[in-house]
Each structure stands twice: as structure tokens, then as C-alpha cells.
Amino acid sequence: MMLAFLGGTGAEGQGLALRYALANEDVIIGSREKDKARKTAEKLQALVPNAQIFYGSNIEAAVRGDLIFLTVPYEAEEDLLRILRDHLFGKIVVNVGLAMKIQDGLASTIELEERSVSAKCQSLIPGSYVVSAFQNISAVELLNSNHRMEGDVIVCSDYKEAKERVMKLVELINDLRAIDGGPLQNARFVEELTVLLVNINLRYKTRSAIKIIGV
Ligand SMILES: NC(=O)c1ccc[n+]([C@@H]2O[C@H](COP(=O)([O-])OP(=O)(O)OC[C@H]3O[C@@H](n4cnc5c(N)ncnc54)[C@H](OP(=O)(O)O)[C@@H]3O)[C@@H](O)[C@H]2O)c1
């Protein structure tokens, strides 16, 4: 299975691609600039010499990918999804983004009509299976392959099979655990919880994570 990272040149896309390359999954880095994607792919290849790491434009990545990760800033998602809608038809699209701003040392959510970035994605690509995941997983930690990831990833989707596939993918990254967060409408709580975690991080100068107990 080929995992595609749209905007995979950014920290979060690179971090996830690195972890999946380490888990022996094939990955393709997408970008608005193919040369930028090539440089990122080469960097990852040097870190994981035996992995199958490809690169291309975001369109090429969307076409070649069996499962797509949206790892662009949330403001960029709308235009990107309008361009790629046909190429994403019938595919699982994992939204990693959230709508957040930081001002005067305080993180806050940006209100969206759809209540979450994940729900907005689904409304823009109704023929795709949108799954919300990874919002609270730090790029810095993903990019440090010596760091053991810790915590839970809450996965939400209206599509059971798509959600189960993404939950399995989450657990390919040591030692993350996937938690079924229910339908996509619950993604707003995860996105908002991530804003709270960012505020905790700012206050404690750390990178906090969550662990659900009792499951
Ligand atoms: N950083 C984190 O720790 C973290 C953690 C959890 C979730 N997230 C979420 O993951 C997403 C990516 O985060 P990031 O920190 O990796 O972001 P980023 O570095 O700011 O952006 C990622 C990539 O998106 C592409 N991009 C930027 N502006 C764009 C535009 N207007 N149109 C199309 N593509 C554009 C760029 O790729 P090209 O220039 O190559 O096209 C860029 O390298 C965000 O939604 C963020 O909320 C981030």
C-alpha cells in the first residue's frame, strides 16, 4: 500500500512519512513544487535507506497514493481539495489538520462553520472516506526516530472500514495506540483538545500527549 502525504515537505507530513517508512510502508511525498518533494524524499531516504520513498506533485501523490494524508495548513486544504477532488474519489483521506492560532502566548481555535477541519474536508470531498487522526501528535517527536512515541491517537470517521484501517496504521508507529473516537462529528472535540494541549505545552515548555484510561 502506498501512503501519500500531501504537503509532505512540512514537519508533520515528513514526520509521519518517516515513521511509516521505518515501518516498511511505501510512501510518496507530495508538494506544490516537485523539486521540494524530491529534496524531502532524499532526506528521508538517507534516514531509511531500505525504504521505498517516492515524490511528486500533490496531484501525482494523490493519484499514486492508496491512502492519503492531508498534511497542509488548514487554510490550504480547501483549494487543494477542490483541485484534487476527482483524484481522491473513493480513497481514504486522513485529515491531520486543525484550525488554531497562537496570539500573545495563547493558543485558540478558529471557528469554522463546519465546526472542525475534518468535517469541512468531508464536505469538500463527499466521494472520499475522510478520517480524522494525529492532530495531537507532535512533528518534532515524529521526526526524531530515536524517540519512542507515547500516547493515544483518537480516530474519528463516518466510515467504519476506513476508520479501522487508519487505526491499524496508527499502531504501526511504536508505541502509539489508536482509540475509536466515533463519527466524524466528534473530530471537533479532538481538534479542540489539541488546542488545549498546545496551551499546556506553551505553559510547561513541553510536548504533552494524551492517554485515555479505562479502555
Ligand atoms: N507541526 C506539528 O507538530 C503538527 C502536529 C499535529 C498536526 N499538525 C497539522 O498538520 C498540518 C501540517 O502541519 P505542518 O507543521 O507540517 O505545516 P507546514 O509546515 O506549515 O506546512 C506543510 C506543507 O504544506 C504546504 N503548504 C503550505 N501552504 C500551502 C498552501 N497555501 N497551499 C498548498 N500547500 C501549502 C507546504 O508544502 P509545499 O510548499 O511543499 O507545497 C508545506 O511544506 C497542519 O494542518 C497542522 O495543523 C501539525
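Modeller: A residue is near a molecule if its C-beta atom, placed from the backbone, lies within 6 Å of it. This is a predicted model: local features need pLDDT of at least 70, side-chain atom pairs count only at pLDDT 80 or more, and totals for chains, interfaces and linings use all residues. Residues are numbered from 1 along each chain as its sequence is written.

Colleague: What makes a residue part of the shell around the ligand?

Modeller: That 6 Å cut-off. 23 residues surround the ligand, the closest being Gly-7, Gly-10, Ser-31, Ala-76 and Gly-97. Helix 1 (11-22) and helix 4 (74-88) each supply at least two shell residues. Helices here are DSSP runs of H or I, at least four residues, and strands are runs of E, at least two, numbered from the N terminus.

Colleague: Why is Lys-39 called partly exposed?

Modeller: Count its neighbours. A residue is buried if 20 or more other C-beta atoms lie within 10 Å of its own, exposed if 12 or fewer, and partly exposed in between; C-beta atoms are placed from the backbone. Lys-39 has 15, so it is partly exposed. Lys-39 sits in helix 2 (residues 34-47).

Colleague: How do you know that the protein is as compact as a globular protein of its length?

Modeller: Its radius of gyration, taken over C-alpha atoms, is set against the globule rule: 2.2 Å times the number of residues to the power 0.38. For 215 residues the rule gives 17 Å; the protein has 16 Å, which is close, so the description holds. The fold has 8 helices and 10 strands.
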